Protein chains: 2
Amino acid sequence: MKSGKITKRLKSETKRGYEDACGAAHGLELIGERWALLVLRELMLGPRRFSGLKADLPGISANVLTQRLGELEERGLVRRRKLPPPASVQVYEATEWGLEAEPIMQVLGKWAARSPAHDPGLPLSAVSLMLSFRTMIDASRADGVNGSFGFRLGAHHYLGRLADGRFEVERGEVGGADVIFTGQAAGLAGVVYGGAPLQTVEVEGDAALARRFLTLFPLPPKVG
Amino acid sequence: MKSGKITKRLKSETKRGYEDACGAAHGLELIGERWALLVLRELMLGPRRFSGLKADLPGISANVLTQRLGELEERGLVRRRKLPPPASVQVYEATEWGLEAEPIMQVLGKWAARSPAHDPGLPLSAVSLMLSFRTMIDASRADGVNGSFGFRLGAHHYLGRLADGRFEVERGEVGGADVIFTGQAAGLAGVVYGGAPLQTVEVEGDAALARRFLTLFPLPPKVG
DNA sequence: CGGCATCCGGGAAGATACTG
DNA sequence: CAGTATCTTCCCGGATGCCG
């Protein structure tokens, strides 16, 4: 019914903004809506498809994901791209500026890790875990520890490199890495951050280096 | 009417959370609601009263402000305190952990300042401006520039100090400062960030130092 | 199957009025 | 001044359905 009814929303005239020149306020208008920052997070290590995003954002509904992607696109944080044949699938990727939002997630995440209410037992996406390594690495502990690390987390494959106290990571095959971790992201997170036994995940390669790796990501002290 | 009606909200059973162990996701659950970060921002330079917060958050409604303050309090980011007599007024102040959220605002604000959609002509609170100085100061430009700066922005008075390339600021009387700026926060912001003529605000004291001060806060280049 | 539009129910936000 | 009460509007989340 009401077939040809013109949608009243011409351009969403009521753009619930903050009317505040403060940069932080404008930042909230850009990525402050529910789910927006987490959608962007999932794009930080490379393009993703709609269904992959939906799968790794447990609880988001398809229409909200569509809406967030559209908003992020028109704000210049996300780009829609069609992979060349034979793939020919559409993917979403972060723009350069979108990638520059990573420090926001890092600072926010580091700060929130001090919360007594933080529950590390919740699900965790593979991207989240990789980004957390980049965020939480303790440069002084990692100084002098060098090596390459492969991660097979479900269907996600990442290759990390440890050098000069920094952890770099990108999507890619894990072959030839000094250490290869295989398992679930949440499982590996439990080992690194929750003190779970190493047997929770499968480890191949240099066992001593693997054990060393797991000690490089200390959590900040809880408040209170 | 309906006086004794029991409020149905036992404990807000539907706590719309993200179900995500990622620290950033938890951060959003702590300060991700609309207005929350801006309320906290207004507390970064000392305790504030309800009416002051409402006045400096243009557009927030009283009930939303009440709700946000209550949530921030129960999460441990804000504390409610009663000033001793004869003042005897209630104020809200950030806890230690709440104060540690400042880097989030800084990173978010710096990132958003690159947005082409950012409108610097909007209203700006005095706290926002002071925090923006702390955020945007260019340490290399400020190296070797030392002095004290008073700000009389409406009823807000702040005392800043420039030393070692850093800008420190606290609430306080401006007497004896090397330079004293008097006017509206938005006006001073226009001079510092918008290239408006210095006459927009009233300046007392060391004019050369004042002119130098205004050059220490470069904006990042816009995207695109 | 992927992406998007539509409809619906509930809840959060906005505006205004009112009270101690 | 410091909120509370009420009403309306809008957004979020879930379900369904269309269409390439």
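**Close-up views of the interface between chain A and chain B**

**View 1. The contact between the two chains.** In this predicted model, 46 residues from chain A and 46 residues from chain B take part in the contact, where contact means heavy atoms within 4.5 Å. Between them the chains bury about 4300 Å², of which 68% lies on carbon and sulfur atoms; buried area is the accessible area (1.4 Å probe) that two parts lose on being put together, summed over both. On the side of chain A, the residues that lose the most area to chain B are A:Tyr18, A:Trp97 and A:Trp111, which together make up 19% of what that side buries.

**View 2. A helix of chain A crossing a helix of chain B.** Helix α1 of chain A (residues 23-31) and helix α6 of chain B (residues 102-112) have axes that come within 7 Å and cross at roughly 75°, the axes being lines fitted to C-alpha atoms over the stretch in contact, with angles running from 0 to 180 degrees between N-to-C directions. Helices here are DSSP runs (H or I, at least four residues), numbered from the N terminus. The two helices are therefore roughly perpendicular to each other, a term for angles of 65 to 115 degrees. Among the residues that meet are A:His26 and A:Leu30 in α1(A) and B:Met105 and B:Trp111 in α6(B).

**View 3. A salt bridge across the interface.** The side chains of A:Arg41 and B:Asp20 form a salt bridge (2.9 Å, N to O), defined as a side-chain nitrogen of Lys or Arg within 4 Å of a carboxyl oxygen of Asp or Glu. Across the interface of chain A and chain B, the rule finds four salt bridges.

**Notes.** Residues are numbered from 1 along each chain as its sequence is written, and chains are lettered from A in the order in which they are written. Local features need pLDDT of at least 70, side-chain atom pairs count only at pLDDT 80 or more, totals for chains, interfaces and linings use all residues, and side-chain values use heavy atoms, with hydrogens and water left out.

Conventions
Parallel < 35°, antiparallel > 145°, perpendicular 65-115°, else oblique.
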